[in-house]
Amino acid sequence: MHERTQTEDIIHLEAAHGSGAYNPAPVVMVQGYGVRLLDKEGNRYLDCATGIGVAALGHAHAALVRAIAEQAGRLITCASGYYHNDVRARLQERISQITPGDLNRVFLCNSGAEAVETALKLARLSTQRAGIVAAMRGFHGRTLGALTATWNTDHRKPFEPLIPAVSHVPYNDVPALEQAVTQETAAVLLETVQGEGGIHPATPEFLQAARRLCDERGALLILDEVQCGMGRTGRWFACEHYGVVPDVLCLAKALGGGMPIAATAFREALSFKKGQHGSTYGGNPLACQAALAVIDTIENSQLLDNVAQVGSYFLERLRALHQAKPQKVREVRGMGLMLAVDLRHKAGPVIKALMERGVLALFGGTTIVRFLPAYIFTQADVDETLQALEVVLS
C-alpha cells in the first residue's frame, strides 16, 4: 500500500482545512536563503517570484532576521490609536524621507488592499466627491473598495454590486482619461507600472496628463505602487522615473521584506481627523522594525543601483530571447526587476516547466510569465533563469 509522504500529508491538510480560495502548486516550501527556496523534498529553486514581489532582500537576510528577532524580544504590538511608539515614529519619518515631493503624512496598515482603501477614503473625505477613475487591466486588491477599482471581471462579478461611481479607461489612453475626469471625480487611481495586468509601464504622457487633469479638475492623483514601489524599478518609487508626484501614494509588498506591512503616504492637507480611520495591527512595532531594516539595507547596500543594473541586463537577455524566438515570444516588458515575457501561447505550461527545472516565476495574465526577483539578484542568477527559459521554450 502506498504511504503518503510528508509533502502529501501537508498538501492534504491544506486541502482539507483551507478556504478553497487558492490553487497552489503541489510543492511544500519550508526554507529560504538568499535567492533560493527549498521544498520539503530537498529540491532547490531559484526564486523569481519572491512571494509576489515581497522578499526584496531575498530569504533569511541577516539584517532583517536580526531586526525582527530583537524587536520580538522587546515589543511586538502597540495599538496605534492608543499609544505612541518609537519604532513606528521612526518608520513614518523614514517613509516621508524617501517618498517624492511633500508626502509627509503616513498611515500604516497591513496589506496593499488596505493601503488602497485608505487612499479611497481619503479622496472621498478631502474632495467630498464619490467618483473614481481607474484603468483597464489595473489590479488594486480584493477588499470591496479596491476590488471595485480592479478591472478583471472574474475578480469582480461574484461580489457585485460593488461601490458605485467607479469607471475604467484604457491604460495609457490620454483622450479617454481627459473625457473621464470630471468635476465629480474624487480621484484618479493608477498603477505606475501595472503588475497583475502583465507588467505595463505607464507612458510619460499618460501619467503627466493624469497629474494635469487632477490639478485642473480638483481631483486627487493616487498612485498604487504596492508592487512597483519600494525600489522594484531601480528607484524608490516608479513615479520618480516620470517626474510626477501624486497626492497619495500606496506602498506595501517589498516594504516589510516578508513581514505584512503597508503604508499610504499623502500630503499634509489631506490628513484624517481623529477617529476617521484606524487599524488594530497597523504600525505594530515588529513589522515597523522589519520595514526599517529593509529601507536601511537597500540604502546601505546600494541595492537600487543593483536593481537598475541587473534589471537592465535581465531585460536585454529577454529581448535577445524575443528576437531569437519571435514565433514563441510576442513581447517583453518591464522596468528594473519587474519584468514580463508575453508569449504567443498560454503561460501556465511554461511556468510549470520552469518550476520543474528549478526556477519559480509568476503568472501575469493568460500568456504572461512574470519575474519579480529579489534586489540581491545577480547577472549569474539572470543567466541561470534564461538558460531554463530557453530550454522550456525550445
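This passage describes the cysteines and the second largest pocket of a predicted model.

No disulfides are present in the structure. Two cysteines illustrate this result. The sulfur of Cys 78 has its closest cysteine sulfur in Cys 288, at 9.8 Å. Because a disulfide requires two cysteine sulfur atoms within 2.5 Å, this separation is too far for a bond. Cys 239 likewise takes part in no disulfide; the nearest cysteine sulfur belongs to Cys 228 and lies 8.0 Å away. Both residues were also examined for accessibility. Cys 78 has a relative accessible area of 12% and is therefore buried, given that the term applies to values under 20%. Cys 239 is buried as well, with a relative accessible area of 0%.

The analysis then turned to open space in the protein. Rolling a probe the size of a water molecule over the atoms reveals where empty space remains. The second largest pocket has a volume of about 1,000 Å³. Its lining consists of 29 residues, and those nearest the centre of the pocket are Ser 80, Gly 81, Gln 92, Val 106 and Phe 107.

Elements of secondary structure contribute to this lining. Helix 4, spanning residues 86–98, and strand 4, spanning residues 105–109, each provide at least two of the lining residues. The largest share comes from helix 4, which supplies five residues. In chemical character, the lining of the second largest pocket comprises 15 polar, nine nonpolar and five charged residues.

Note on methods. Residues numbered from 1 in each chain as written. Predicted model: local features only at pLDDT ≥ 70, side-chain atom pairs only at ≥ 80, totals over all residues. Heavy atoms only, no water. Buried < 20%, exposed > 50% of the residue type's maximum accessible area, 1.4 Å probe, protein only. 1 Å grid on protein atoms, 1.4 Å probe; cavity = no way out; pocket = protein on both sides within 12 Å on 5 of 7 lines; lining within 4 Å. Points joined across faces, edges and corners; volume = space filled by probe spheres on them. Helix = DSSP H or I, 4+ residues; strand = E, 2+ residues; numbered from the N terminus. Nonpolar A, V, L, I, M, F, W, Y, C, P; charged D, E, K, R; others polar.
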